[in-house]
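Got your viewer open and a hand on the mouse? Let's take a walk through this protein, one selection at a time.

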Amino acid sequence: MLDVHRLRIFRSVVASGSVAAAAANLGYTPSAVSQHVSALQRETGLQLVARHGRGVRPTAAGEALAAQADGVLARLGEAESFIADLRSGRTGRLSIAYFASVGAAWLPRVVSTLTDRFPGLRLELELREDVPTDAAQRADLQVAVARRGYEPGQGFTAHHLLDDPYVAVLPVDHPFAGRDEVELAELADDAWIDNDFARGWCRRNLLEACRAAGFSPAFRVEAHDYPTALAFVAAGIGITVLPELGAVHLPPGTIGVPAVRPTPSRTIYAVVQDAVAHTPPVRAAVDVLREVAGDPA
C-alpha cells in the first residue's frame, strides 16, 4: 500500500526539480523530503530519482509514477472535496418516501427547495403507503400517515405535521351538497366509491369511523386512487369520502362537505432517521413540510 503523503512529496520533488525546492514549497526540511522519497523508493522497489547537476530528475520509472500520481492525487482531492460537501449538506443523496395525496400537494415544493439550496444533492423519491417494519428498508425521510401518538421505533423520530379530517365528496345535485357538514350515518344508503386500493391506514381509519356510526359502506366501485374516484363522483356514479388534503382540487360537478359524527381524521408525520436528522438537506425538507402542512391549499 503506497503512502499517499509520500506520493505527494515525491510529486513535488519531480515538479520542483530538486529536493531543496520541494522542501521550500512544502514547508519541510530537505532532510525530511529526502527521507520520504527514499522510503517511497523502498516501498515500490524502484529507483525513482537520480541526481542531475544540483538537483534531481525522475528516472523512467519515476516519470511513469509521477504521471500516475497526478490522476491519483486529483481523484483524492475530489474525494476530499466530496466529503467536505457531504458534511455541509451540499451534495450526496437523500431518499424520501411519500404517500400519494402529498405527492402532488407537497413534494414539488420540497423538491424545488432542496434542488435550489443543494444543487449537488441526488434525490431518490419513492411512492410508499406504509412505513416498513424493517428499519433497513426505510427512507431517510418519509411522509407517512399513522395514528396519533405514533412511535416510529428506535433510530427514528416522528415529527407531527397535520391532522387531516375527511370530507364527503358529492355530486353537486346530491341532496346534501348544500350542507355545511354531513353525518356519516346519513350517507349509509348511498353508492360508495372506494378510493384506496392499497387498503392502507387511510381506508381502515374511514371504515372504523363508519362502524362507529353504525354501518359498513357498500362500495359500488373500487378505484385505485383519489383522482379516479373523484372522476366517478363527477360522473354521478356515487359518493366518496377521503381526507381533505386529497380533495383540494375537486373536478367540476362535485363538492366537498365535511364528514362528522364521528369525524374521521388521519395524522400525517415526517419520519426521519436520526442518523441524518442533523444534515442541512433533511432539516430544510422538514422545515418546508411544516410550512406546506400549515397551508395545505
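Here is a tour of stops, each with something to select and something to look for.

**Stop 1: colour by confidence**

Before you zoom in, remember that this is a predicted model. Colour the chain by pLDDT: the average is 89, and 94% of the residues score at least 70. Now select helix α4, residues 60-88, where confidence is lowest, with a mean of 79. Then jump to strand β11, where confidence is highest, at 97. A tip for any model like this: where pLDDT is low, the predicted coordinates should not be read in detail.

**Stop 2: the nonpolar cores**

Select Trp106, Leu114, Val143, Leu161, Leu187, Trp192 and Ile268. These are the residues with the most contacts inside the largest nonpolar core, which has 57 residues. Which element gives the most to this core? It's α9, with eight residues.

Stay with leucine 161 for a moment and show what surrounds it. Leaving out residues up to four places away in sequence, leucine 161 touches Trp106, Val143, Ile268, Tyr269, Ala270, Leu289, Arg290 and Ala293. Apart from the largest core there is another one, of 16 residues; Val37, Leu40, Val49 and Ala66 are among them.

**Stop 3: look down two helices**

Pick helix α6, residues 107-117, and turn the view until you look along its axis. Its buried residues are Leu107, Val110, Thr113 and Leu114. They fall within an arc of 135 degrees, so they line one face of the helix.

Do the same with helix α8, residues 226-234. Here Tyr226, Ala229, Leu230 and Val233 are buried. Why do these four sit on the same side of α8? Because they cover an arc of only 100 degrees around the axis. Step just past the end of α8 and you reach glycine 236, with a positive phi of about 80 degrees.

**Stop 4: threonine 254**

Now select threonine 254, in strand β11. Is it buried or exposed? Threonine 254 counts as buried, at 11% relative accessibility. Show its contacts and you'll meet α8 residues from the last stop: not counting residues up to four places away in sequence, threonine 254 touches Val169, Leu170, Pro171, Val172, Leu230, Val233 and Ala234. Try the distance tool on threonine 254 and valine 172: they are 82 residues apart along the chain, yet their C-alpha atoms are separated by 5.0 Å. One more thing to click is the backbone oxygen of proline 251, which lies 2.7 Å from a polar atom of the threonine 254 side chain.

**Stop 5: an unusual bend after β11**

Follow the chain out of β11 (254-260) into the loop that leads to β12 (265-273), where proline 262 is found. The peptide bond from arginine 261 to proline 262 is cis, and its omega is near -10 degrees. Arginine 261 lies in that loop too. Its phi is near 50 degrees, a positive value in a residue other than glycine.

**Stop 6: three loop residues**

Carry on to the loop between β12 and α9 (280-294) and select threonine 279. Threonine 279 counts as buried, at 18% relative accessibility. A polar atom of its side chain lies 2.7 Å from the backbone oxygen of valine 276.

For a contrast, try glutamine 154, in the loop between β5 (141-146) and β6 (156-171). Glutamine 154 is exposed, with a relative accessible area of 83%. Draw a line to alanine 135: the two are 19 residues apart in sequence and 8.8 Å apart in space, C-alpha to C-alpha.

Then select serine 18, in the loop between α1 (4-16) and α2 (19-26). Serine 18 is buried, with a relative accessible area of 14%. If you set aside neighbours within four places in sequence, serine 18 is in contact with Val13, Gly55 and Val56.

**Stop 7: go hunting for disulfides**

A disulfide is a covalent bond between the sulfur atoms of two cysteines. How many disulfides does a search of the whole structure find? Zero. Select cysteine 202: the nearest cysteine sulfur, that of cysteine 210, is 14 Å away. Cysteine 202 is buried, with a relative accessible area of 10%. Cysteine 210 is also in no disulfide, and it counts as buried at 0% relative accessibility.

Key:
Residues are numbered from 1 along each chain as its sequence is written. Side-chain values use heavy atoms; hydrogens and water are left out. Buried means under 20% relative accessible area, exposed over 50%, partly exposed in between (1.4 Å probe, protein chains only). Helices (H or I, at least four residues) and strands (E, at least two) are DSSP runs, numbered from the N terminus. The arc is that of the directions from the helix axis to the C-beta atoms. Contact means heavy atoms within 4.5 Å. A disulfide is a pair of cysteine sulfur atoms within 2.5 Å. A polar contact is a pair of N or O atoms within 3.5 Å; within protein, one must be able to donate a hydrogen and the other to accept it, and residues adjacent in sequence count only if both atoms are side-chain atoms. A nonpolar core is a set of buried Ala, Val, Leu, Ile, Met, Phe, Trp, Tyr and Cys residues joined through side-chain atoms within 4.5 Å. pLDDT is the predictor's confidence in each residue, from 0 to 100.
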